[in-house]
Amino acid sequence: MNPAGHIVSKLQEYFHTNWSEMTATDWFGLVFTVVIFVLMVVLYFWVLNPKNKDKIESHRTMLQDDDDTNSEK
């Protein structure tokens, strides 16, 4: 076996997952991680899409804008 094949074999062995022995906590963590990853990818595409630039930039100073409820009063 060539050295590259040996490395791939070791990686497959290291990252092997026994799906039948996963607990409810394992499944929750897996699903939660995948959902957060998908949401982040969608959000990045939405924010970085040039057609949304004006809509997003209109909220640029939202935290600095004064509103009617001034907490210093």
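**Exercise 1. Confidence by element**

Task: In this predicted model, state in which helix of the protein chain confidence is lowest and in which it is highest.

Solution. Begin with the inventory of elements: the protein chain has 3 helices and 0 strands, arranged as α-α-α from the N terminus. Next, take the mean confidence of the elements: the lowest mean, 84, belongs to helix α3 (residues 53–57), and the highest, 95, to α2. Finally, set these values beside the whole protein chain, for which the mean pLDDT is 86, with 89% of residues at 70 or more.

**Exercise 2. The annotated segment**

Task: Determine what the secondary structure is over residues 27–48.

Solution. The range is taken from UniProt, where an unreviewed entry lists residues 27–48 under "transmembrane region". In the model, this range is 100% helix and 0% strand. The C-alpha atoms at its ends are 32 Å apart. Helix α2 itself comprises residues 24–48.

**Exercise 3. Classifying ring pairs**

Task: Classify the pair of tyrosine 14 with phenylalanine 15 and the pair of phenylalanine 28 with phenylalanine 32 as stacked, tilted or edge-to-face.

Solution. The structure contains 3 aromatic pairs, and two of them are treated here.

1. For tyrosine 14 and phenylalanine 15, the ring centres are separated by 5.0 Å and the planes meet at 85 degrees, so the pair is edge-to-face; the cut-off for that class is over 60 degrees. Both residues are exposed.
2. For phenylalanine 28 and phenylalanine 32, the centres are 5.7 Å apart and the planes stand at 20 degrees, so this pair is stacked; the class requires planes under 30 degrees apart.
3. Locate the second pair: phenylalanine 28 and phenylalanine 32 lie in helix α2, 4 residues apart, which is about one turn of the helix.
4. Assign exposure: phenylalanine 28 is exposed because its relative accessibility is 57%, while phenylalanine 32, at 47%, is partly exposed.

**Exercise 4. The salt bridge**

Task: Identify which residue forms a salt bridge with glutamate 57, and classify the exposure of glutamate 57.

Solution. The structure has 1 salt bridge. The partner of glutamate 57 is arginine 60, and the closest N and O atoms are 3.5 Å apart; the criterion is a distance within 4 Å. Glutamate 57 has 40% relative accessibility and therefore counts as partly exposed. Arginine 60, with a relative accessible area of 66%, is exposed.

**Exercise 5. Burial and surface**

Task: State what percentage of the residues in the protein chain is buried, and what share of the exposed area carbon and sulfur atoms supply.

Solution. Of the 73 residues, 3% are buried; the cut-off is under 20% relative accessible area. The protein chain exposes about 7500 Å², of which carbon and sulfur atoms supply 63%.

Technical notes. Residues are numbered from 1 along each chain as its sequence is written. This is a predicted model: local features need pLDDT of at least 70, side-chain atom pairs count only at pLDDT 80 or more; totals for chains, interfaces and linings use all residues. Side-chain values use heavy atoms; hydrogens and water are left out. Rings of Phe, Tyr and Trp (its six-membered ring) pair if their centres lie within 6.5 Å; planes under 30 degrees apart count as stacked, over 60 as edge-to-face and the rest as tilted. Buried means under 20% relative accessible area, exposed over 50%, partly exposed in between (1.4 Å probe, protein chains only). Helices (H or I, at least four residues) and strands (E, at least two) are DSSP runs, numbered from the N terminus. UniProt positions are given in the numbering used here, feature names are shortened, and annotations may be inferred rather than shown by experiment. Accessible areas come from the Shrake-Rupley method with a 1.4 Å probe; for residues, only the protein chains shown count as cover. pLDDT is the predictor's confidence in each residue, from 0 to 100. A salt bridge is a side-chain nitrogen of Lys or Arg within 4 Å of a carboxyl oxygen of Asp or Glu.
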